[in-house]
Amino acid sequence: MKTVNKAAQEWIEFERRHVWHPYSAIDADLPVFPVASARGVRIRLVDGRELIDGMSSWWSAIHGYNHPVLNRAIETQLSSMAHVMFGGLTHAPAAELARRLIELTPEPLQTVFFADSGSVSVEVALKMALQYWQAKGQPARTRFVTVRSGYHGDTFNAMSVSDPDNGMHSLFSGVLVKQHFAPAPRSRFGQPCQQSDVDAFESCLARVCKETAAVILEPVVQGAGGMRFYSADFLRQVRALCDRYDVLLILDEIATGFGRTGRMFACEHAGISADIMCVGKALTGGYMTLAATLTSLAVSAVIGSGNPGLFMHGPTFMANPLACAAAVASLELLTDSPWEQRVCAIEAGLQTGLEPCRAMSHVKDVRVLGAIGVVELKRAVDMRVMQPRFVDAGVWVRPFGKLVYLMPPFIIGEEDLSSLSAAVVRVVGESV
Ligand SMILES: *Cc1c(COP(=O)(O)O)cnc(C)c1O
């Protein structure tokens, strides 16, 4: 380990007192590790230590860090323009990215709204559903139906459809719009759906369908709401119920999109599609913040036919050309790569590597799907203790609550993957 030089010590100390981190506080007594650089699946800290990345920077860096192809795409775009406003102007990177997204996503998604983050793309999806029903002369449809244990982002309406218990509902009760929650499906991935899950969902939807604009769900994998993998059959049945009760279906593929679950999009496990779909996170390979909301031509046509005949949303940095260029290059890298074999190999490696955790008395469950491995503990971990232990073990793993999980870049090698799993087994084992 190198020592940290004086200049670095100074900015690190300043940062600690003045800069917010996700779900943290200024001067919080929580470890934050200064990074000097990152390349491939390695994150190098300012003190010289190298960590194997187990997080893909929250689902996003699927090709690893500092990828020459992505670097070149951004440099090339930069030489013509970094950004121009999207109101009244357009550019090739936006058109090219939209074309690829429409090709890659399941039918009938044909239109693309570029947003600056996942949460904003969810806000856009919800707003589109509201404008759709207004245009159809049914303005009373102002609510959304979802299932518990979901997560859709941190802005207010995204929070309103996220899990009411482990989300932030009690903190903002009275501010958040009240939505309708069906129980989280209990049928696990790979199993047929229990009728009780469908019945519970249907009874919720049937009761409130007249005031419901859309159902919003994360397909198959519930991410930050609990890392649960549920039956694809349940999703298929929800699609059928949305059609029967005439409500739109919004699928939030922000975490699951672009191969993470072993399919390009998680809804493909169920062979269904959405009326409105959100993507983000891995869209630019973890390079820039960019998300998108896709809809069918049926939805976009109805919105355009209403009053004012326009969709009322328009971010300042909408379709940022650098981000679009990075996304085009990232999608090309992905589709040209043997990503299915890679995700399959990661799935097998995680299954073997994390298996020893199953025998631990303080572990509740071990589950793996695609390039996602989860160890669920019986009690919440102490981040102050566990996070430095992972760093000492030479890996970057960021637990939350009762969950210790891995979602490495798709390019990770067998040896690094075993080191990651071994570190999880060891650190979880020590945390009894
Ligand atoms: C991360 C995430 C979001 C929010 O995306 P941000 O880019 O953090 O705003 C929304 N939905 C799901 C499923 C996510 O995983």
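At what angle do helix 4 (residues 92-104) and helix 10 (residues 321-336) pack, and how far apart are their axes? In this predicted model, local features need pLDDT of at least 70 and side-chain atom pairs count only at pLDDT 80 or more, while totals for chains, interfaces and linings use all residues. Residues are numbered from 1 along each chain as its sequence is written, and side-chain values use heavy atoms, with hydrogens and water left out.

The angle between helix 4 and helix 10 is about 35°, and their axes lie 8 Å apart. Axes are lines fitted to C-alpha atoms, for helices over the stretch in contact, and angles run from 0 to 180 degrees between N-to-C directions. Helices (H or I, at least four residues) and strands (E, at least two) are DSSP runs, numbered from the N terminus. Helix 4 and helix 10 cross in the left-handed sense, meaning that the near helix is turned anticlockwise from the far one by less than a right angle, a clockwise turn being right-handed. Helix 4 contributes P93, A94, E96, L97, R100, L101 and L104 to the contact, and helix 10 contributes P321, C324, A325, A327, V328, L331, E332 and T335; contact means heavy atoms within 4.5 Å. The residues of this contact comprise 11 nonpolar, one polar and three charged. In this classification Ala, Val, Leu, Ile, Met, Phe, Trp, Tyr, Cys and Pro count as nonpolar, Asp, Glu, Lys and Arg as charged, and the others, Gly among them, as polar.

A second helix pair is formed by helix 11 (residues 339-354) and helix 13 (residues 414-430), whose axes come within 9 Å and cross at roughly 30°. The two helices are therefore roughly parallel to each other (angles under 35 degrees; over 145 is roughly antiparallel, 65 to 115 roughly perpendicular and the rest oblique). The crossing of helix 11 and helix 13 is right-handed. Residues A345, I346, G349, L350, G353 and L354 of helix 11 meet L417, S421, V424 and V425 of helix 13. Seven of the contact residues are nonpolar, three are polar and none is charged.

Within helix 13, S421 counts as buried at 1% relative accessibility, where buried means under 20% relative accessible area, exposed over 50% and partly exposed in between (1.4 Å probe, protein chains only). Leaving aside residues up to four places away in sequence, S421 touches G349, L350, G353, L354 and L406. By contrast, T352 of helix 11 is exposed, with a relative accessible area of 61%. The C-alpha atoms of T352 and V368 are 9.9 Å apart in space, the two residues being 16 apart in sequence.

Helix 13 also packs on a sheet. Four strands form this open sheet in the order 1-2-3-15, with mixed pairing; two strands pair if DSSP finds at least two bridges between them. Strand 1 (35-39) and strand 15 (395-396) are at the edges with a single partner strand each, so one side of each has no neighbour in the sheet. Two bridges join strand 3 (residues 50-53) to strand 15 in the parallel sense, and I52 stands opposite V395 of strand 15. Helix 13 touches strand 2 (42-45), strand 3 and strand 15, and its direction makes about 95° with that of strand 3.

Another open sheet consists of seven strands in the order 4-12-11-10-7-5-6, again with mixed pairing. Its edges are strand 4 and strand 6 (180-182), each with a single partner strand, so one side of each is left without a neighbour in the sheet. From one strand to the next, the twist averages 20°. Helix 5 (residues 118-135) lies across strand 4, strand 5 (143-147), strand 7 (212-217), strand 10 (248-252), strand 11 and strand 12, and runs at about 25° to strand 12. Helix 7 (residues 195-208) touches strand 5, strand 6 and strand 7, with its direction at about 160° to that of strand 6.

Strand 12 (residues 291-296) is mostly covered, six of its six residues being buried. In a regular strand the side chains alternate between the two faces of the sheet. A291, T293 and T295 point one way from strand 12, and A292, L294 and S296 point the other way. Strand 4 (residues 109-115) runs antiparallel to strand 12 and is joined to it by six bridges, with L109 opposite S296. Strand 11 (residues 276-279) also pairs with strand 12 in the antiparallel sense, over four bridges, and I276 has T295 as its bridge partner.
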